[in-house]
Amino acid sequence: ARFVLPEVQLSSSGDETWLTVTRAGENVDPGDVDAALDTAREDVESLPAMQPSGPRPGVESTTPATDEAAWHEQVQHAVDRIAAGDLRKVVLANALSAELSGDVNPRDLLERLRQSYPSCFRFLVAPNGSAAFLGATPELLVTLRGSGVETTALAGSVGRGDTPEADAELAARLRDSEKLRHEQKLVTDAIVDQLAAFGDVTVGERTVRKLSNIQHLNTPITADVDDDTHVLDVAEALHPTPAVGGLPPDAALDVIRETESFDRGWYAAPVGWFDGDGEGTFAVGLRSAVATDRTVTMFAGNGIVADSDPGEEYEEVQLKYRPILDELE
């Protein structure tokens with residue numbers, strides 16, 4: 001895990017925006033803090049408009065970490081484990097490396113994702129200055145405000161249609177698919193069980209969540225918790241959800257480690273913030289990538305259940321690369 005106390009933080013909520021500077025140490029001069037705040041305000045006021053500063057870099061070639069034939073074998077291995085009875089669901093991931101025609105600017109890429117996916121959580125973490133982990137994830141892990149917890153069970157996917165009629169047909173297929181409903185119910189039930197230890201849980205109505213290139217089954221879940229509950233307590237209990245790990249969790253993680261051909265790194269990790277009161281929000285680091293110079297490596301995964309078809313699962317994974325790949329091409 002990595003946590004950062006920011007020197008300068010800009011926060012917006014509703015029609016209010018807050019600028020905060022932090023100075024740590026035993027002998028901090030309040031005058032220095034005031035001066036730092038003034039400097040930060042000048043810097044913020046001089047920032048350009050939120051728009052990409054250059055063109056898309058272009059993609060010369062792409063290489064999957066696991067090719068289609070190997071992916072089929074991995075999915076079949078997982079299905080066989082499920083049939084053997086020691087596994088109910090596992091999420092298998094793949095990675096796609098894109099070699100670019102020019103250098104990638106992670107901030108430009110993030111801004112393009114903001115414009116294309118305004119309802120998603122966007123994040124960018126650059127821990128060492130040479131590479132950035134970024135993405136636009138549709139999946140909330142947990143929000144804690146006061147004594148209220150909010151989360152979602154997001155699982156089951158189909159693409160978007162080229163016409164309103166085709167899009168509605170795909171949404172109906174998503175709602176009616178026994179396989180996809182089963183996959184999503186596994187996630188919902190697991191989250192409810194994990195939250196029950198904190199307080200009373202309420203499950204909302206299942207709907208279809210539509211994004212630019214994909215649509216998912218989505219069930220909102222809330223819980224009432226004690227006032228001394230920290231958002232990290234809930235995040236620790238929920239992560240990894242069956243939407244990124246599987247069921248039972250230990251068996252699913254064993255299958256992931258013995259099956260996947262690459263290291264996930266921070267892919268599917270909780271990404272978010274918390275404050276001094278223990279409130280905060282964490283999303284799941286999906287639809288994500290690592291960007292460095294002229295290479296961007298994208299990550300995507302799919303939930304595998306008993307009746308999963310390897311070919312269909314491979315095509316669905318390709319859809320999940322598109323949010324970032326489209327902004328590079």
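Select Pro 240 in this predicted model; the residue lies in the loop between α6 (231-238) and β12 (246-247). The peptide bond that leads into it from His 239 is cis, with omega near -5 degrees. Next, move along the chain to Pro 248, whose place is in the loop between β12 and α7. Here the bond from Leu 247 to Pro 248 is likewise cis, with omega near -15 degrees.

**Positive phi outside glycine**

Continue to Ala 268, in the loop between α7 and β13 (270-274). Its phi is near 75 degrees, a positive value in a residue other than glycine. Is Ala 268 buried or exposed? Ala 268 counts as buried because its relative accessibility is 3%, below the 20% limit for that class.

Then select Arg 287, in the loop between β14 (280-284) and β15. Arg 287 is another non-glycine residue with a positive phi, in this case near 45 degrees. With a relative accessible area of 9%, Arg 287 is buried.

**The annotated span**

Now colour residues 68-320. The UniProt record, an unreviewed entry, annotates this range as "domain: Chorismate-utilising enzyme C-terminal". The span is 35% helix and 34% strand, and its end C-alpha atoms lie 15 Å apart.

**The largest nonpolar core**

Show the side chains of Val 90, Val 296, Met 298 and Ile 324. Of the 36 residues in the largest nonpolar core, these four touch the most other members. The elements that give two or more residues to this core are the helices α2 (68-84), α3 (106-116), α7 (249-259) and α8 (310-328), together with the strands β4 (89-100), β6, β15 (288-292) and β16 (295-304). Which element gives the most to this core? It is α8, with six residues. Apart from this core lies another, of 27 residues, which includes Ile 221, Ala 223, Val 244 and Tyr 267.

Nonpolar side chains tend to be buried together in soluble globular proteins.

Centre the view on Val 90, in strand β4. Val 90 counts as buried, since its relative accessibility is 0%. Leaving out residues up to four places away in sequence, Val 90 touches Ala 78, Gly 245, Gly 246, Ala 252, Val 255, Ile 256, Asn 302, Gly 303 and Ile 304. Add Val 305 to the selection: Val 90 and Val 305 are 215 residues apart in sequence, while their C-alpha atoms are 7.0 Å apart in space.

From there, go to Val 296. Not counting neighbours within four places in sequence, Val 296 is in contact with Leu 96, Ser 97, Ala 98, Leu 100 and Val 104, with Ala 289, Val 290 and Ala 291, and with Ile 324 and Leu 328.

**Hairpins and paired strands**

Select residues 121-137 to view a hairpin. Strand β5 (residues 121-125) pairs with strand β6 (residues 132-137) in the antiparallel sense over five bridges. Phe 121 stands opposite Thr 137 in β6. Six residues lie between the strands of this hairpin, in which Gly 129 takes a positive phi near 85 degrees.

A second hairpin is formed by β7 and β8, with two residues between them. In its turn, Gly 146 has a positive phi of about 60 degrees. Strand β7 (residues 140-145) runs antiparallel to β8 and is joined to it by three bridges; Leu 144 stands opposite Val 149 in β8.

Keep β8 selected and add β11. These strands pair in the antiparallel sense over 11 bridges, with Gly 159 opposite Ile 214 in β11. How many residues of β8 are buried? The strand is mostly covered, with 10 of its 12 residues buried.

**Helix α4 and its two sides**

Finish at helix α4 (residues 164-176). At 1.5 Å a residue, its 13 residues should span 18 Å, and the end C-alpha atoms are indeed 18 Å apart, which agrees. The buried residues of α4 are Asp 167, Leu 170, Ala 171 and Leu 174. They cover an arc of only 100 degrees around the axis and therefore fall on the same side of α4.

An α-helix has 3.6 residues a turn, so residues three or four places apart point the same way.

To see what the buried residues of α4 pack against, display β8 (148-159), α5 (178-195), β10 (207-210) and β11 (214-224). Then rotate to the face of α4 turned away from its buried side, which carries the exposed residues Glu 165, Glu 169 and Asp 176.

Note on methods. Residues are numbered from 1 along each chain as its sequence is written. This is a predicted model: local features need pLDDT of at least 70, side-chain atom pairs count only at pLDDT 80 or more; totals for chains, interfaces and linings use all residues. Side-chain values use heavy atoms; hydrogens and water are left out. Helices (H or I, at least four residues) and strands (E, at least two) are DSSP runs, numbered from the N terminus. The expected span of a helix is 1.5 Å times one less than its number of residues. Buried means under 20% relative accessible area, exposed over 50%, partly exposed in between (1.4 Å probe, protein chains only). The arc is that of the directions from the helix axis to the C-beta atoms. Contact means heavy atoms within 4.5 Å. Two strands pair if DSSP finds at least two bridges between them. UniProt positions are given in the numbering used here, feature names are shortened, and annotations may be inferred rather than shown by experiment. A nonpolar core is a set of buried Ala, Val, Leu, Ile, Met, Phe, Trp, Tyr and Cys residues joined through side-chain atoms within 4.5 Å.
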